[in-house]
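Thanks for coming. I will put the structure up and then go through charges, a sheet and some backbone details.

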Amino acid sequence: MPSEIRAAVCHAFNTPLKIETLQLRDPGPGEVQVTLEAVAICHSDISYMEGAWGGALPAVYGHEAAGRVTALGPGVTALAEGERVLVTLIRSCGHCPSCTTAKPVYCTGNQPLPPELTLSDGTEVNKAMNCGAFAERVTVHVSQTAPIGEDIPGEVACLLACGVPTGVGAAVNTASVRPGDVVVVIGAGGVGLNAIQGARIAGAAHIIALDLEETKLDVALEFGATAALLASGETPWRAAKSAAGGRAADHVFVSVGAIPAYDMANRFLAPGGTVYAVGMPHSGGTSAYEPVILAATGQGMRGSLMGEVVLGRDIPWMVELYRQGRLKLDELISNRWRLDQINEAIADTNTGQARRNVILFD
């Protein structure tokens with residue numbers, strides 16, 4: 001039988017979310033229900049709320065969550081009721097070409113599922129980004145979960161559902177940063193800090209962070225950057241090269257969805273280097289490059305979605321690094337809020353000063 005939950009609903013783009021009581025259906029085959037402990041606010045959620053990427057309304061956003069399994073659908077044997085898990089937007093079929101080559105974030109085999117959320121009058125509510133986690137409970141496919149154990153706080157574990165693997169995975173999985181490499185990270189917000197951590201873990205010799213805010217540069221150094229520079233400088237690529245002992249970058253991670261950042265990214269590259277598109281601009285944003293330069297220098301550009309994370313492979317080692325004190329997670333949390341305060345938390349996130357704001361549930 002459907003159950004009642006409280007959730008933050010978006011009825012129109014660029015308007016405050018409204019806390020409402022919705023009906024959540026029980027899990028079907030291959031699905032689980034998770035009662036949430038925490039959900040973080042990601043800039044992707046905000047972009048969707050602003051209408052940057054379209055999408056059906058009304059909708060419940062939120063995709064970076066953690067909680068406890070409270071119901072299992074038919075056929076689910078990988079989890080048990082009461083088990084603590086993270087909940088992510090990555091839903092994978094397990095048998096398409098992407099899934100069978102360890103790239104489930106690019107799954108092409110998912111089939112539509114019956115609606116999970118409805119208003120009291122029966123109106124369907126879009127479960128955005130496969131999650132709809134700005135809510136007390138969610139029903140998701142089992143592939144969207146990963147066990148986290150009992151010792152990791154929910155407010156920390158939820159960060160492992162998006163922001164941390166997006167940044168760390170971009171460095172470790174997508175770019176395969178090697179010991180001795182030179183890395184530049186443009187944007188020292190939540191994702192950028194994790195790209196810095198990933199480069200540090202991978203053994204990069206120089207990690208140069210750039211941002212428009214001086215306060216973020218100090219934080220970047222705390223997370224492992226070897227130098228931190230203002231991106232507003234006249235020629236920041238020259239300053240970065242100087243900070244790396246005269247070497248240009250093997251890898252440049254653009255962790256913000258800002259076109260000016262993409263416009264200058266290839267200026268930092270060494271011959272054979274690559275720019276990685278991690279931050280997502282609004283639809284329609286474009287950046288121009290001279291193909292002859294890329295061809296003559298062997299440089300390249302590629303995307304990285306969710307750090308190309310494989311939940312069963314990557315979450316256990318990230319959890320273990322956190323336990324060992326080698327992966328900073330607590331330090332990523334700026335403020336903690338209640339569901340009723342979600343519009344204040346979003347406004348605070350939009351100031352650009354927050355690393356991650358987290359909504360806590362009772």
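**Charges, a sheet and a few backbone details**

I start at the surface, where Glu213, Glu214, Asp218, Glu222, Asp330 and Glu331 gather in a patch of negative charge. A patch here is made of residues with over 30% relative accessible area and no salt bridge, with like charges joined within 9 Å and nonpolar side chains (Val, Leu, Ile, Met, Phe, Trp, Tyr) within 5 Å. Asp and Glu count as negative and Lys and Arg as positive, while His and the chain ends are not counted. The place of a charge is NZ of Lys, CZ of Arg, CG of Asp or CD of Glu. Accessible areas come from the Shrake-Rupley method with a 1.4 Å probe, and for residues only the protein chains shown count as cover.

Before going on, the basis. This is a predicted model, in which local features need pLDDT of at least 70 and side-chain atom pairs count only at pLDDT 80 or more, while totals for chains, interfaces and linings use all residues. Residues are numbered from 1 along each chain as its sequence is written, and side-chain values use heavy atoms, with hydrogens and water left out.

One member of the patch, Asp330, is found in the loop between helix H10 (311–323) and strand S17 (333–337). Helices (H or I, at least four residues) and strands (E, at least two) are DSSP runs, numbered from the N terminus. Asp330 has a relative accessible area of 37%, so Asp330 is partly exposed. For that scale, buried means under 20% relative accessible area, exposed over 50%, and partly exposed in between (1.4 Å probe, protein chains only).

Now the salt bridges. How many does a search of the whole structure find? The search finds 14 salt bridges, each being a side-chain nitrogen of Lys or Arg within 4 Å of a carboxyl oxygen of Asp or Glu. In general, side chains of opposite charge can pair when their charged atoms come close.

Take Arg25 and Glu116, whose side chains meet in a salt bridge at 3.3 Å, N to O. Arg25 lies in the loop between strand S2 (18–24) and strand S3 (31–41), and Glu116 in the loop between helix H2 (97–100) and strand S7 (117–118), so the pair ties together parts that are 91 residues apart in sequence. Arg25 counts as buried at 15% relative accessibility, and Glu116 is buried with a relative accessible area of 8%.

Glu116 also meets Lys127 in a salt bridge, at 3.0 Å, N to O. Lys127 is in strand S8 (residues 124–127) and Glu116 in the loop between H2 and S7, so this pair ties together parts that are eleven residues apart in sequence. Lys127 is buried too, with a relative accessible area of 14%. With Glu31 added, Arg25, Glu116 and Lys127 are linked in a network of salt bridges.

Another salt bridge joins Glu150 and Arg68, the closest N and O atoms being 3.0 Å apart. Because Glu150 lies in the loop between strand S10 (145–147) and helix H3 (154–157) and Arg68 in strand S5 (residues 65–72), the pair ties together parts that are 82 residues apart in sequence. Glu150 is exposed, at 55% relative accessible area, whereas Arg68 counts as partly exposed at 30%.

Next, the sheet. An open sheet of five strands has the order S1-S2-S7-S8-S4, with mixed pairing. Its edge strands are strand S1 (3–9) and strand S4 (59–60), each pairing on one side only. Two strands pair if DSSP finds at least two bridges between them.

At one edge, S1 and S2 pair in the antiparallel sense over seven bridges, and Arg6 has Thr21 in S2 as its bridge partner. S1 is mostly covered, with five of its seven residues buried. At the other edge, S4 and S8 pair in the parallel sense over two bridges. The bridge partner of Val60 in S8 is Lys127, a residue that also belongs to the salt-bridge network.

Last, the backbone. Which peptide bond is cis, with omega near 0°? The bond from Leu57 to Pro58, and Pro58 lies in the loop between helix H1 (43–49) and S4.

Met306 has a positive phi of about 55° although it is not a glycine. Glu308, not a glycine either, has a positive phi of about 50°. Met306 lies in the loop between strand S16 (300–303) and H10, and Glu308 is found in the loop between S16 and H10. Met306 counts as buried at 5% relative accessibility, and Glu308 counts as buried at 5%.
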